[in-house]
Amino acid sequence: MSHQQAHTNYMDTCAECGSATERVTTTVDYELEGLSITVKNVPASVCPSCGEKYIPGAVGIAIHRQVRKFVTAAHENSVTEGHVTLTAEHNDEQAQYTTA
Ligand SMILES: [Zn+2]
């Protein structure tokens, strides 16, 4: 019997310089099948010393899944190019679509 946890692994120490990181939200850009997608409000850790940014693996996977789902929906609506902005939340219903 295994316990499945939605575990978010934040990087607490910078792998580059060893400084303690800070929790922030950041913006990540994706290019996927003709669509340019900006995801805002992505939780991450950032190093105040060298600026290295770390997105927890579980967060990255969840966001990629959300982006993929959005691209599929866009294609179903014959939207195959352009730029969209999504606001990252932990459920897909919160995804926002803004035209740019
Ligand atoms: Zn650093």
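**View 1. Ala-88 is a buried residue with 21 other C-beta atoms within 10 Å.** Welcome to the predicted model; this residue is a good place to start looking around. Ala-88 counts as buried because the cut-off is 20 or more such atoms, and Ala-88 has 21. You will find Ala-88 in the segment after S4. Leaving out residues up to four places away in sequence, Ala-88 touches Val-39, Lys-40, Asn-41, Val-42 and Ile-63. Thr-27 is 61 residues away from Ala-88 along the chain, yet their C-alpha atoms are separated by 9.2 Å.

**View 2. The whole protein has 1 helix and 4 strands.** Following the sequence from start to end, you meet these elements in the pattern β-β-β-α-β. The protein has 100 residues, and 18% of them count as buried. Take the contacts between residues at least 6 apart in sequence: 57% of these join residues at least 24 apart.

**View 3. S1 and S2 run antiparallel and are joined by 10 bridges.** Strand S1 covers residues 22-32, and S2 covers residues 35-46. To trace the pairing, look for Tyr-30, which stands opposite Ile-37 of S2. Another pair to find is Glu-31 with Ser-36 of S2 opposite. The two strands form a hairpin with 2 residues between them, and here Glu-33 takes a positive phi near 45°.

**View 4. S2 also pairs with S3 and with S4.** With S3, the pairing of S2 is antiparallel, over 2 bridges. Strand S3 consists of residues 53-54, and Lys-53 is the bridge partner of Val-46. The hairpin of S2 and S3 has 6 residues between the strands, and Gly-51 in its turn has a positive phi of about 85°. With S4, S2 pairs in the parallel sense over 6 bridges. Here Thr-38 has Thr-85 in S4 as its bridge partner.

**View 5. Helix H1 has 20 residues and reaches 29 Å from its first C-alpha to its last.** That span is close to the 28 Å expected at 1.5 Å a residue. Which residues of H1 are buried? They are Ile-63, Gln-66, Val-67, Phe-70 and Ala-74. Seen down the helix axis, these buried residues fall within an arc of 100°, so they line one face of H1. An α-helix has 3.6 residues a turn, so residues three or four places apart point the same way. The cover over the buried residues of H1 includes S1, S2 and S4. Turn to the other side of H1 and you will find Gly-57, Ile-61, Arg-65, Lys-69, Thr-72 and Glu-76 exposed. Just after the helix comes Ser-78, with a positive phi of about 60°.

**View 6. The largest nonpolar core brings together 13 residues.** The members that touch the most others are Ile-37, Val-39, Val-42, Ile-63, Val-67 and Leu-86. Strand S2, helix H1 (57-76) and strand S4 (82-87) each supply at least two residues of this core. Val-39 makes a handy landmark here. Setting aside neighbours within four places in sequence, Val-39 is in contact with Thr-27, Val-28, Tyr-30, Ile-63, Val-67, Leu-86 and Ala-88. The last of these, Ala-88, is the buried residue from the opening view.

**View 7. Confidence in the prediction averages a pLDDT of 82 over the protein.** A score of at least 70 is reached by 80% of the residues. Among the elements, S3 has the highest mean pLDDT, at 94, and S4 the lowest, at 87. Where does the pLDDT fall below 50? Residues 1-6 are one such stretch, and this stretch has 1 contact in the model beyond near neighbours in sequence. Residues 91-100 also stay under 50, and for them the model has 15 contacts beyond four places in sequence.

Key. Residues are numbered from 1 along each chain as its sequence is written. This is a predicted model: local features need pLDDT of at least 70, side-chain atom pairs count only at pLDDT 80 or more; totals for chains, interfaces and linings use all residues. A residue is buried if 20 or more other C-beta atoms lie within 10 Å of its own, exposed if 12 or fewer, and partly exposed in between; C-beta atoms are placed from the backbone. Two residues are in contact if their C-beta atoms, placed from the backbone, lie within 7 Å. A nonpolar core is a set of buried Ala, Val, Leu, Ile, Met, Phe, Trp, Tyr and Cys residues joined through C-beta atoms within 7 Å. Two strands pair if DSSP finds at least two bridges between them. pLDDT is the predictor's confidence in each residue, from 0 to 100. The expected span of a helix is 1.5 Å times one less than its number of residues. The arc is that of the directions from the helix axis to the C-beta atoms.
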